[in-house]
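Me: Could you walk me through the pockets and ligands in this one? I'd like to begin with what counts as a contact.

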Amino acid sequence: MTTPHTLLRSLPPDLDPNRLPRHVAAIMDGNGRWASKRNLPRVVGHQAGVGALKELLRCCKDWGIGALTVYAFSTENWKRPQYEVEFLMALFEKVLNRELSEMVDEGVRIRFVGALAHLPGALQSAIEGAMAATEANTAVEFTVATNYGGRQEIVNACRELAEQVRTGCLLPEQIDEKLFAEHLYTRELSDPDLLIRTSGEQRLSNYLLWQLAYTEIYVADVLWPDFDRAAFHIALQSYQGRQRRFGKV
Ligand code: IPE
Ligand code: IPE
Ligand code: MG
């Protein structure tokens, strides 16, 4: 079933280039289990997961998928052991600094979404630098949800709108779905067409609750570090076999 990796540099011929998702979202899950299966510490799985992410981003560019949004750290992930949280924060900073010049060259525009003000200062600086350095890029819109919670994002939007009503700049009846979406972190992005979650888990875990309203969901049994081009190919085959109805007949 799987195609050798080297054959997949260009779009596999069984995929219709006109029916690709424009925006793919991913819940990168299963790093800890990947490491545990090898009797390695969980954090080794996070390190291995970076490779899979890099390859998926490159694949989106190669195959003409214009937007990729990944879940790197949830508002609930602070409840993990302190060592793992600190390792992840340091890893995000290291990878961002290491990969920035390549992202600039490859035309990747990187954005971070979430409660970024609560991240370690050094990571915040790296994030600001990377977002500014890639602002003009257009090949792929790459968004990393870090300290992100869908419910928190919705509550934030409500607060911003409530504040505008309080100061008399906005009438409650002027609030509609379009205006509401303009107060979400993802205001500059279209809604995802396809959501991929790895490791077999069938839940959203507080990811993009508003934006995923009509997204096609694909659950892959592989653990995130093993999610490669061949696995992405299968996810896209599944997506192209779906009929998106949006409530119509
Ligand atoms: C996902 O992998 C990465 C993050 C949440 C940062 P996990 O760390 O959740 O891996 P499992 O689910 O424990 O295997
Ligand atoms: C969701 O995975 C968060 C990320 C992948 C960053 P989790 O592993 O934290 O989700 P649960 O706890 O299994 O729902
Ligand atoms: Mg997990």
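Reply: A polar contact here is a pair of N or O atoms within 3.5 Å. The model is a predicted one, and with that cut-off in mind, a polar side-chain atom of Asn77 lies 2.9 Å from an oxygen atom of ligand 2.

Me: Which other side chains have a polar atom by an oxygen atom of ligand 2?

Reply: Arg197 places a polar side-chain atom 3.3 Å from an oxygen atom of ligand 2, and for Ser205 the distance from an N or O atom of its side chain to an oxygen atom of the ligand is 2.6 Å. Taken alone, ligand 2 exposes 390 Å², and the protein buries 77% of that.

Me: OK, and what surrounds ligand 2 overall?

Reply: The surrounding residues are Ile27, Met28, Asp29, Tyr71, Ala72, Phe73, Asn77, Arg80, Arg197, Arg203 and Ser205. By class, this shell has five nonpolar, two polar and four charged residues.

Me: Which element gives the largest share of that shell around ligand 2?

Reply: That is β2, with three residues in the shell around ligand 2.

Me: Switching to ligand 1: which residues are around it?

Reply: Ligand 1 has around it Met28, Asp29, Gly30, Asn31, Gly32, Arg33, Arg42, His46, Ala72, Asn77, Arg80 and Leu88. Divided by class, the shell of ligand 1 holds three nonpolar, five polar and four charged residues.

Me: And which helices supply at least two residues of the shell around ligand 1?

Reply: Both α1 (31–37) and α2 (42–63) supply at least two residues each to the shell around ligand 1, and the largest share, three residues, comes from α1.

Me: For the polar atoms by ligand 1, is it backbone or side chain at Asn31, at Arg33 and at Asp29?

Reply: At Asn31 it is a polar backbone atom, 3.1 Å from an oxygen atom of ligand 1, and at Arg33 a polar backbone atom is 2.7 Å from an oxygen atom of the ligand. Asp29, on the other hand, uses a polar side-chain atom, which lies 2.9 Å from an oxygen atom of ligand 1. Of the 380 Å² of accessible area that ligand 1 has on its own, the protein covers 87%.

Me: Which pocket does ligand 1 sit in, and which one does ligand 2 take?

Reply: Ligand 1 sits in the largest pocket, and the space taken by ligand 2 is the largest pocket as well.

Me: How much space lies in that largest pocket, and which residues lie nearest its centre?

Reply: About 900 Å³ of space lies in the largest pocket, which is lined by 40 residues, with Met28, Leu53, Tyr71, Ala72 and Phe92 nearest its centre. Two or more lining residues come from each of α1, α2, β2 (67–74), α3 (82–106), β3 (108–113) and β4 (140–148). The lining of the largest pocket divides into 20 nonpolar, eight polar and 12 charged residues.

Me: Last topic, the second largest pocket: how much space lies there, and what lines it?

Reply: The second largest pocket holds about 260 Å³ of space. Its lining has 13 residues, of which Asp191, Trp210, Gln211, Ala213 and Tyr214 lie nearest the centre. By class, the lining of this second largest pocket has five nonpolar, three polar and five charged residues.

Definitions and conventions: Residues are numbered from 1 along each chain as its sequence is written. Chains are lettered from A and ligands numbered from 1 in the order in which they are written. This is a predicted model: local features need pLDDT of at least 70, side-chain atom pairs count only at pLDDT 80 or more; totals for chains, interfaces and linings use all residues. Side-chain values use heavy atoms; hydrogens and water are left out. A residue is near a molecule or strand if one of its heavy atoms lies within 4 Å of it. A polar contact is a pair of N or O atoms within 3.5 Å; within protein, one must be able to donate a hydrogen and the other to accept it, and residues adjacent in sequence count only if both atoms are side-chain atoms. Accessible areas come from the Shrake-Rupley method with a 1.4 Å probe; for residues, only the protein chains shown count as cover. On a 1 Å grid over the protein atoms alone, a cavity is a set of points where a 1.4 Å probe fits but cannot get out, and a pocket is an open set with protein on both sides within 12 Å along at least five of seven lines; lining residues have an atom within 4 Å of a point. A molecule sits in a cavity or pocket if more than half of its atoms lie within 2 Å of its grid points. Helices (H or I, at least four residues) and strands (E, at least two) are DSSP runs, numbered from the N terminus. Ala, Val, Leu, Ile, Met, Phe, Trp, Tyr, Cys and Pro count as nonpolar, Asp, Glu, Lys and Arg as charged, and the others, Gly among them, as polar. Grid points are joined across faces, edges and corners, and a volume is the space filled by probe spheres set on the points.
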